[in-house]
Amino acid sequence: MEGRRTVDGAAVPLIAGRAKTARPPPRRAAAWTPARLRGLALQAVVAAVILAFFAYLAHNTATNLARLGVNTGFQFLDRPAGFAITQHLVAYNEASTYGRAFLVALLNTVLVSALGIVLATIIGFTVGLARLSGNWLVARLAAAYVETLRNVPLLLQIFFWYFAVLRPLPGPRQSLALGDSIFLNNRGLYLPAPVAEPDAAVVALTLILAVGAMIGLAVWSRHLRHRTGRTPRAIVLAMACVVGTAAFVMASAGSPVAWERPVLVGFNFRGGIAVIPEFVAMLLALSIYSAAFIAEIVRAGVLAVPKGQLDAARAQGLKQWQIDRFVVVPQALRVIIPPLTSQYLNLTKNSSLAAAIAYPDLMHVFAGTSLNQTGQAFEVMAITMAVYLGFSLVISALMNWYNRATALVER
């Protein structure tokens with residue numbers, strides 16, 4: 001039945017004896033009140049003052065540089081650098097330009113930072129979980145690792161790995177060898193280098209398609225499990241068919257990769273992959289130092305999961321690995337990710353300490369050697385600061401996206 005009743009002096013229809021709540025009128029845009037106009041005027045004045053201040057700094061800098069006869073601009077990037085770089089991921093020689101040297105240094109910084117983040121994450125999660133172990137010895141060893149390494153300055157740890165561990169190694173003729181393919185000496189670590197065979201492209205394409213098919217099947221299985229509560233039995237057979245097909249193609253094509261082993265020629269090794277000691281020292285110091293902080297973040301995230309949920313999961317008959325995967329890890333990540341982002345940013349910025357042991361990164365090659373040779377201090381430092389700012393923004397954006405993906409409440 002439908003009737004009408006009076007609510008606050010207005011007639012409101014009744015449906016089944018209930019008053020139908022009227023929707024509030026749409027909110028109108030705020031009027032241009034005097035208080036709002038004063039606020040906007042004040043913000044405009046502050047913005048104008050800031051812009052004028054930076055304009056004054058730019059004009060003053062340009063005037064002083066002109067008075068000292070210092071050339072400005074980025075034309076120096078096209079001039080030959082005239083110096084060698086011990087590690088380069090792209091082609092480079094002494095006749096290359098400063099722009100090419102910048103690219104080489106940039107890639108070296110990206111390499112040590114990216115590998116450092118991966119290793120620090122693996123070590124940090126392992127040590128953090130070890131601190132929560134019920135084994136007294138394992139927990140105490142993990143605690144000693146954290147308390148020792150995070151309280152020793154990173155620069156001292158870099159010096160330790162470089163001067164105390166790697167530099168005292170024997171020379172190339174007395175190298176520490178693992179079989180006849182891997183050699184370690186005071187000039188670096190020498191590893192076999194992969195050389196693509198004619199059928200390598202076919203095998204690589206097959207592996208890419210197989211991995212893509214496996215990911216697609218896993219995603220489909222997960223969606224089906226969330227929708228129906230059951231895992232399709234055909235998923236195991238489908239994955240087995242994908243793996244079998246990829247294995248058959250690889251077996252038919254033969255070995256897609258040959259290995260070029262390093263060989264001692266004269267006073268040094270030739271061929272293979274040479275990893276310089278400076279890179280090894282930086283990678284070990286960065287990853288081990290940052291892992292001590294990540295371990296504490298992981299421990300805090302796991303301890304933040306309420307014990308009542310663990311008891312409820314055990315009461316449901318879940319096994320320990322199921323509790324860790326479906327209860328502990330998803331909730332712990334929401335606590336871990338924000339401070340973990342800060343550690344990744346710190347690790348990337350701390351890579352600039354590589355200049356202390358002459359690792360050819362951005363600070364050593366570009367902000368050091370290139371600046372001293374060209375005298376373009378303003379341009380070099382502006383580029384260097386912009387690069388590190390870009391690194392930080394990219395890492396922050398990726399981690400913030402992942403944090404939103406794992407958030408407990410959608411925003």
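The accessible surface of the protein chain in this predicted model adds up to about 25,700 Å², with 66% of that area belonging to carbon and sulfur atoms. Of its 411 residues, 32% come out as buried. The secondary structure tally is even: 11 helices and 11 strands. As for how the chain folds back on itself, 63% of the contacts with a separation of 6 or more are between residues 24 or more positions apart.

Part of that carbon-rich surface can be pinned down. A nonpolar patch made up of Leu42, Val46, Ile50, Phe53, Phe54, Tyr56 and Leu57 offers about 710 Å² of accessible area together. One of its members, Phe53, sits in helix 1, which covers residues 34-67. Phe53 has a relative accessible area of 47%, so the residue counts as partly exposed.

Ser351 makes a handy contrast. Its place is the loop between helix 9 (320-350) and helix 10 (362-374). With a relative accessible area of 1%, Ser351 is buried, since the cut-off for that label is under 20%. Leaving aside residues up to four places away in sequence, Ser351 touches Thr109, Val112, Ser113, Met282, Leu286, Asp361 and Tyr388.

Turning to the strands, four of them make an open sheet, in the order 4-5-6-11, and the pairing is antiparallel. Strand 4 (176-178) and strand 11 (273-275) are the edge strands; each has a single partner, so one side of each is left without a neighbour in the sheet. From one strand to the next, the twist averages 15°. At the strand 11 end, strand 6 (residues 188-191) is joined to strand 11 by three bridges, and these two run antiparallel. Within that region, Leu191 stands opposite Ile273 of strand 11.

Then there are the salt bridges, five in the structure. In one of them, Glu296 pairs with Arg131, and the closest N and O atoms are 2.5 Å apart. Glu296 belongs to helix 7 (residues 277-303) and Arg131 to helix 2 (residues 98-131), so this pair ties together parts that are 165 residues apart in sequence. Glu296 counts as buried because its relative accessibility is 16%, below the 20% limit.

A second salt bridge runs between Arg261 and Asp180, with 2.6 Å between the closest N and O atoms. This pair also links distant parts of the chain, 81 residues apart: Arg261 is in the loop between strand 8 (257-260) and strand 9 (263-265), while Asp180 is in the loop between strand 4 and strand 5 (182-185). Here both partners are partly exposed, Arg261 at a relative accessible area of 43% and Asp180 at 46%.

The pair Arg314 and Asp311 is a local affair, with their side chains meeting in a salt bridge at 3.2 Å, N to O. Both residues are in helix 8 (residues 307-315), and because they are three residues apart there, about one helical turn separates them. Arg314 is partly exposed at a relative accessible area of 44%, and Asp311 is partly exposed at 45%. Elsewhere, Arg131, Glu296 and Arg299 are joined into one network by salt bridges that share partners.

Conventions. Residues numbered from 1 in each chain as written. Predicted model: local features only at pLDDT ≥ 70, side-chain atom pairs only at ≥ 80, totals over all residues. Heavy atoms only, no water. Pairing = 2+ DSSP bridges. Helix = DSSP H or I, 4+ residues; strand = E, 2+ residues; numbered from the N terminus. Axes fitted to C-alpha atoms, helices over the stretch in contact; angles between N-to-C directions. Buried < 20%, exposed > 50% of the residue type's maximum accessible area, 1.4 Å probe, protein only. Contact = heavy atoms within 4.5 Å. Areas by Shrake-Rupley, 256 points an atom, 1.4 Å probe, with all protein chains shown as cover. Patch = residues over 30% accessible without salt bridge, like charges linked within 9 Å, V, L, I, M, F, W, Y side chains within 5 Å. Salt bridge = Lys/Arg side-chain N within 4 Å of Asp/Glu carboxyl O.
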